[in-house]
Amino acid sequence: MTAAPDPVFAEPWHAQLVALTVQLNEDGHFSWPDWAARFARTLGTLINSGVPILQALKITKDTITNSVIQDAVQKVHDRIKEGDTIAAPLDETKVFPAMVVNMIDVGEETGSLDAMLNKVADIYDSAVEAAVEAVLPLMEPAIFIILGGIIGFIVVALYLPIFTLGDAITNNS
């Protein structure tokens, strides 16, 4: 079963836009912990459930909505099919942070890949939660300012014709 193509990324310029808007950290990896957490949680759960690694990677790829991440997971899938480990091709894609790659490498070496993937997911879920909690208090004043501007615009739009009409009546008298 293949996932339907993402219509947002159907055009080449959309893929270029995604590539441009992705923020890279200093070592060249994506700095989006929510995707790393989702990838790790899905893959860890599938491996823990006994799903073969190639099938687990295919399912994980199909659950990801970003085409850049999907392409990276597909490359990892293809390299594992050729007999490579998970960590080496994952690092070469430059999509996931070094910590994810290192923990997956340790998990492969120790035979506890599912536990390491779930630990990675927990770490990145905590990071996402902390980032959301930090941003929410900053959004409240911005929402008040935007709503105030909208209400002010409506008030001016309603009263301006009345004032204009009053001026017209006063000038005609």
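**Exercise 1. Read off the order of elements, from the N terminus on, in the protein chain.**

Solution.
- Start at the N terminus. The elements run α-α-α-α-α-α-α.
- Now count by type. The chain has seven helices and zero strands.
- Keep the source in mind: this is a predicted model.

**Exercise 2. Describe the protein chain by burial, contacts and surface.**

Solution.
- Take burial. The chain has 173 residues, and 28% of them count as buried. The cut-off for buried is under 20% relative accessible area.
- Take contacts next. Consider those between residues at least 6 apart in sequence: 51% of them join residues at least 24 apart.
- Finish with the surface. The accessible surface is about 11,000 Å². Carbon and sulfur atoms account for 65% of that area.

**Exercise 3. Find how many salt bridges the whole structure holds, then work through the one between Asp122 and Arg41.**

Solution.
- Search the whole structure. Five salt bridges turn up.
- Pick the pair Asp122 and Arg41. Their side chains meet at 2.8 Å, N to O. The limit for a salt bridge is within 4 Å, and this pair meets it.
- Place both partners. Asp122 lies in helix H7 (residues 113-172), while Arg41 lies in helix H2 (residues 33-48), so the salt bridge ties together parts that are 81 residues apart in sequence.
- Check exposure. Partly exposed covers the range between the buried limit, under 20%, and the exposed limit, over 50%. Asp122 has 41% relative accessibility, so this residue counts as partly exposed. Arg41 has a relative accessible area of 28%, so this residue is partly exposed too.
- Widen the view. Arg41, Asp122 and Asp125 are linked in a network of salt bridges.

**Exercise 4. Work out which salt bridges Arg79 forms with Asp84 and Glu92, and where the partners sit.**

Solution.
- Begin with Asp84. Asp84 and Arg79 form a salt bridge, with the closest N and O atoms 2.4 Å apart.
- Compare accessibility. Asp84 has a relative accessible area of 26%, which means that Asp84 is partly exposed. For Arg79 the value is 25%, and Arg79 is partly exposed as well.
- Move to Glu92. This residue also forms a salt bridge with Arg79, and here the closest N and O atoms are 2.4 Å apart.
- Locate the second pair. Glu92 belongs to helix H5 (residues 87-92) and Arg79 to helix H4 (residues 67-81), so their salt bridge ties together parts that are 13 residues apart in sequence.
- Put the steps together. Arg79 forms salt bridges with Asp84 and with Glu92.

Note on methods. Residues numbered from 1 in each chain as written. Predicted model: local features only at pLDDT ≥ 70, side-chain atom pairs only at ≥ 80, totals over all residues. Heavy atoms only, no water. Helix = DSSP H or I, 4+ residues; strand = E, 2+ residues; numbered from the N terminus. Buried < 20%, exposed > 50% of the residue type's maximum accessible area, 1.4 Å probe, protein only. Contact = heavy atoms within 4.5 Å. Areas by Shrake-Rupley, 256 points an atom, 1.4 Å probe, with all protein chains shown as cover.
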